[in-house]
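User: I would like a close look at a single part of this protein. Please walk me through the cavities inside it, in short steps.

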Amino acid sequence: MSFLGELKRRNVFRVGVAYLAVAWVVLQIIDVVAPILELPDWVAKGALVLLAAGLVVVLILAWFFELTPEGLVRDADIDHSATDSTLTRAWASRLIIVFLSLAVLMLLVDRFTGFSGAQTAYDNGKTVSVVVLPLDNVRQDEAQDYFVQGMHDALIVELTKIDALNVISRTSSLKYRDTQLSLPEIARELSVDMVIEGSVLHAGDKVRISTQLIEGESDRHLWGGSFDRQVTDILSLYSDVARQIARQVEVEVTPADLERLAEARQVNPEAYVKYLEARYLLDTWSPQEMLRGIELMREAVNMDPASATMHAGLATGLQYIAWFNFIEPLLVVGEARRSADRALALDPESADAWTAQGAVSYYLEFDIPGAVQALENALDLHPGNQQALIHYAWLLGEAGHFEKAIPLAQRSIELDPFSAVARGSLAQIHYLSRNFEKSLDLYQEALELDRQDPSAYYFLTWPLVQLENFEKAVEHARISVELSDGAHLYRMGLAYSLARSGEEDEARDILAALEREGAQPVFLAEIHAGLGNIEEAIEQLELAYKARNSTILYIRKSPQFDPLRGRPRFEALIERIGWSDQAFD
């Protein structure tokens, strides 16, 4: 008898087919239950390896043994000339029929209901909108909140690097941290197709992120997985999760997307933890927290000097605290420039590095052409980069290029619909374009999104003053001062509102106090403009230019400085800042 004939006689083929049918069903079951039980990736991989090894063992056993009424018997001990007394053939045939039937049933269920979640209704070429809900802190340790929030932010950023995914920004997703809304309700509010839930477990030098992909409209669980990494490999973790989610919703990940995804380099674990805590503090926009965040960011950079991400974070953080006047701009401009340059040298393809370049060039160096080029490069690399969108919208609006600025601000709102900053950027553009009614409406919407933010009340005073609703303007200005514990920016806003409303005595008192306290010259200039002190206002603006007060960048289009227009010194100052339309060609 031939070898193939012997394999058939000994039922090796039947046993092999039966085993493969059973193995396929087992793997499908694991694929369904693993996300529900939040099993790590190695469970499915391990099962596949074990089943593959088991096939070899089963085939060997089928060759040497047969199942008979008396039990398992060596094939050599069976009299095959007699009536077939083995049960192997019968049992193998039954297993094949049962498990192939089950396999066909599972395929039909998947085909007509989409239960497995591996396939969705989204074809390549179509954009899919998603929101990543705040990640759960598995350990319930408040000291780890900054780490969990940092991972949430990083995962969102990583997903935005895939053009076919339209990802809601962190500010809007944070609204649902403790919500009682159902997932379909959240999906409808945000107009998204998919909702991503997840949790983070950080212990020592290890981190696990577990995620679930859920169809927004139906609340149908599509996929889930757990990813375990050392903190040193956390950048590759973000990239792996993003790619897996893209694969599950069947959107195309282009070569350009792959280039934008997180670099594979390892990070210094202690440095990365400091970086996440620094980001957490810098996002508070509170003086002490932001200054502490800068110190932590400096420590992180010193511990991991090869990280473009950390250098970009330091440059951006320094620019922010200078804008708020929590530190004198001239004291940090050199350090910010070095960090921005180093970030770009380490990773020329980093949108964050280019955004840091743009922010430092614009707000600290008044290099408008350089800032325009840097921000355009950032958006070319990463069109969904929220920081780049808002910075460029601000720059274009302050330059007077409203038709270019408005679409960027609108795109920012689409990605972050519950962000007061995004909505405020659009409001500012309409204000600078003298559309005060539209600006007022948008600033009021921004205020509704965050009633504890003093800047929301402060900016609302701008259109109110121009519409001569002075009573409301002063009321909102006083609230901003109260919420900020008397920060110079908001006291300036109150003094300007008072001056324009005719209450000049109180405005002069605030001006005198700010002069004694060494407030930014640009703040003093605005109060002088409100009081009609034209020469004093221009003199303070010239000092503000030398001190690199970032808010001087409003003067080209801001109505607050209309009384100064046409004065040679004022027009020369605008020219000196560099508002050349050639930079925007």
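Here is the request taken up in one answer, with a short look at a strand at the end.

Analyst: A word of caution comes before the details. This is a predicted model.

Start with the count. The structure holds four cavities of 30 Å³ or more. The largest has a volume of about 420 Å³. The second largest has a volume of about 80 Å³.

Take the largest cavity now. Its lining is made of 27 residues. Which of them lie nearest the centre? They are Trp 285, Trp 323, Trp 394, Val 421 and Phe 459.

Next, look at the helices behind this lining. Seven elements each supply at least two residues to the lining of the largest cavity: α12 (308-323), α14 (351-364), α16 (386-399), α18 (420-432), α19 (436-449), α20 (454-466) and α22 (488-501). Which one gives the most? That is α18, with five residues.

What is the chemical character of this lining? Its residues divide into 17 nonpolar, eight polar and two charged.

Now move to the second largest cavity. Its lining can be listed in full. Tyr 458, Trp 462, Leu 489 and Met 492 are part of it. Val 522, Phe 523 and Glu 526 line it too. Thr 551, Tyr 554, Ser 558, Gln 560 and Phe 561 complete the list.

Helices matter to this list as well. α20, α22 and α24 (521-531) each supply at least two residues of the lining of the second largest cavity. Here α24 gives the most, with three residues. Two names return from before: α20 and α22 each supply at least two residues to the lining of the largest cavity and at least two to that of the second largest.

The second lining can also be sorted by type. It has eight nonpolar residues, three polar and one charged.

Finally, turn from the cavities to strand β3. Is β3 enclosed or open? All five of its residues, 128-132, are buried, so the strand is largely enclosed by the rest of the structure. Val 128, Val 130 and Val 132 are buried on one side. Ser 129 and Val 131 are buried on the other. Both faces of β3 are therefore covered.

Which strands pair with β3? Three bridges join β3 to β5 (residues 165-167), and the two run parallel. Val 130 has Val 167 as its bridge partner in β5. Three bridges also join β3 to β6 (residues 194-203), again in parallel. In β6, Ile 196 is the bridge partner of Val 132.

Definitions and conventions. Residues numbered from 1 in each chain as written. Predicted model: local features only at pLDDT ≥ 70, side-chain atom pairs only at ≥ 80, totals over all residues. Heavy atoms only, no water. Buried < 20%, exposed > 50% of the residue type's maximum accessible area, 1.4 Å probe, protein only. Helix = DSSP H or I, 4+ residues; strand = E, 2+ residues; numbered from the N terminus. Pairing = 2+ DSSP bridges. 1 Å grid on protein atoms, 1.4 Å probe; cavity = no way out; pocket = protein on both sides within 12 Å on 5 of 7 lines; lining within 4 Å. Points joined across faces, edges and corners; volume = space filled by probe spheres on them. Nonpolar A, V, L, I, M, F, W, Y, C, P; charged D, E, K, R; others polar.
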